[in-house]
Amino acid sequence: MAPIISIADLSKVYASGLVALRDVNLEIARGEIFALLGPNGAGKSTLINIVCGIVTPSAGTVRADGHDILSDYRGARRAIGLVPQELTTDAFESVWNTVSFTRGLFGLRKDPAHIERVLRDLSLWEKRDSRIMTLSGGMKRRVLIAKALSHEPRILFLDEPTAGVDVELRQDMWRLVRQLRDRGVTVILTTHYIEEAEEMADRIGVIRRGEIILVEEKAELMRKLGRKQLTLQLQSPLGEIPPALDGHGLELASDGRELVYTYDTKGERTGITGLLTALSSAGIRFSDLRTSQSSLEDIFVGLVRERA
């Protein structure tokens, strides 16, 4: 099946000489949740804005649902819904009129049943007659999402959609994202809450200084780059790690009461058996042990530092 978004050799250089994107190549599959991660200024928003037709690329091609974003702008834009970072709405209009008007901008017939469904999904139904100016910041964010869904897009971009919002909205958002994915909508999100990407995304892309440095299935990324740690709680504190254990790469906690052993999750052998034997030979006893798996955030931080 052809990807719903295809980006080839995409670059963006501003008049100031700033290179925002450099030779980006990326394909996004239909019906997946794709998380684009990167530090501030990495090029995430520029990439999204180009695909959505807000920023003009300097070079390269982008196709959205089969439509070239430049030569077939209307077809491409019709397929896309965008939830921007900024809260930009008509303060004096009602929620219902704002969302309905946005649908009309795409040349679609009125569909009150669809608008009602969207507002109910976002817990906005009771506020449908309220003016935007009277809403809280979280409610205004919900209105932006409703506007993006008003024309039933096949692709939905969420640019930092839960930044600075309450827990309730965040939960509503991710519940809605799952429902949209189940309906076949492709969702591309950027987020600073990496635990959300870890929970929601099918694939992860990492962008740094305008370049895509990694694209991987989330599960495979966790398998390839994930690390596990074995923490041993000692019966008696140590002042230092005995020389006989130097080859195991152990770390000693500051209070001397825990030894931490890090191992590769994809390695054929973990080395734990040899470690436990060496500990016994060195006369070191432990009262408890626990394991922990590195998170997506750990992997992301490591990748960005590695490419610095």
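Strands here are DSSP runs of at least two residues labelled E, numbered from the N terminus. Strand E2 is one such run, and Asp23 lies in it. The model is predicted.

**Backbone at two aspartates**

Asp23 has a phi near 50 degrees, a positive value in a residue other than glycine. Its setting is strand E2. Asp65 also calls for a look at the backbone: its phi is near 55 degrees, again positive and again not in a glycine. Asp65 sits in a loop, between strand E4 (59-64) and strand E5 (67-68).

**Helix packing**

Two packed helices are described by the angle between their axes and the distance between the axes. The table gives these values for three pairs that involve H3, H4, H5 and H6.

| Helix pair | Axis angle | Axis distance | Handedness of crossing |
|---|---|---|---|
| H3 (95-105) and H4 (112-121) | about 120 degrees | 11 Å | right-handed |
| H3 and H5 (137-149) | roughly 30 degrees | within 8 Å | right-handed |
| H5 and H6 (167-182) | about 15 degrees | 10 Å | right-handed |

Take H3 and H4. Their axes are at about 120 degrees, so the two helices are oblique to each other. On the H3 side the contact uses Val95, Trp96, Val99, Ser100 and Arg103. H4 answers with Pro112, His114, Ile115, Glu116 and Leu119. By class, this contact of H3 with H4 holds 6 nonpolar, 2 polar and 2 charged residues.

H3 also packs on H5. Their axes cross at roughly 30 degrees. Angles under 35 degrees count as roughly parallel, so H3 is roughly parallel to H5. H3 brings Val95, Thr98, Val99 and Thr102, while H5 brings Val143, Ala146 and Lys147. The contact of H3 with H5 divides into 4 nonpolar, 2 polar and 1 charged residues. Val95 and Val99 appear here, and both also meet H4.

H5 goes on to meet H6. The angle of about 15 degrees makes H5 roughly parallel to H6. Gly138, Arg141, Arg142, Ile145 and Leu149 are the H5 residues in this contact. Facing them in H6 are Glu168, Leu169, Asp172, Met173, Leu176 and Leu180. The contact of H5 with H6 has 6 nonpolar, 1 polar and 4 charged residues.

**Arg77 in helix H2**

Arg77 is part of helix H2 (residues 73-78). Which residues does Arg77 touch, leaving out those up to four places away in sequence? They are Cys52, Leu82, Phe106 and His151. Arg77 can also be placed against Ala64: the two are 13 residues apart in sequence, and their C-alpha atoms are 8.1 Å apart.

**Internal space**

Rolling a probe the size of a water molecule over the atoms shows where empty space is left. The structure holds 1 cavity of 30 Å³ or more. The largest cavity has a volume of about 50 Å³. Its lining is made by Ile7, Leu26, Ile28, Leu36, Leu47, Ile48, Val51, Phe157 and Ile188. Two elements give two or more residues to this lining: strand E2 (19-28) and helix H1 (44-51). H1 gives the most, with 3 residues. How do the lining residues divide by class? The lining of the largest cavity has 9 nonpolar residues, no polar ones and no charged ones. Strand E2 thus appears twice in this report: it lends residues to the cavity lining, and it holds Asp23.

Note on methods:
Residues are numbered from 1 along each chain as its sequence is written. This is a predicted model: local features need pLDDT of at least 70, side-chain atom pairs count only at pLDDT 80 or more; totals for chains, interfaces and linings use all residues. Side-chain values use heavy atoms; hydrogens and water are left out. Axes are lines fitted to C-alpha atoms, for helices over the stretch in contact, and angles run from 0 to 180 degrees between N-to-C directions. Helices (H or I, at least four residues) and strands (E, at least two) are DSSP runs, numbered from the N terminus. Angles under 35 degrees count as roughly parallel, over 145 as roughly antiparallel, 65 to 115 as roughly perpendicular and the rest as oblique. A crossing is left-handed if the near helix is turned anticlockwise from the far one by less than a right angle, and right-handed if clockwise. Contact means heavy atoms within 4.5 Å. Ala, Val, Leu, Ile, Met, Phe, Trp, Tyr, Cys and Pro count as nonpolar, Asp, Glu, Lys and Arg as charged, and the others, Gly among them, as polar. On a 1 Å grid over the protein atoms alone, a cavity is a set of points where a 1.4 Å probe fits but cannot get out, and a pocket is an open set with protein on both sides within 12 Å along at least five of seven lines; lining residues have an atom within 4 Å of a point. Grid points are joined across faces, edges and corners, and a volume is the space filled by probe spheres set on the points.
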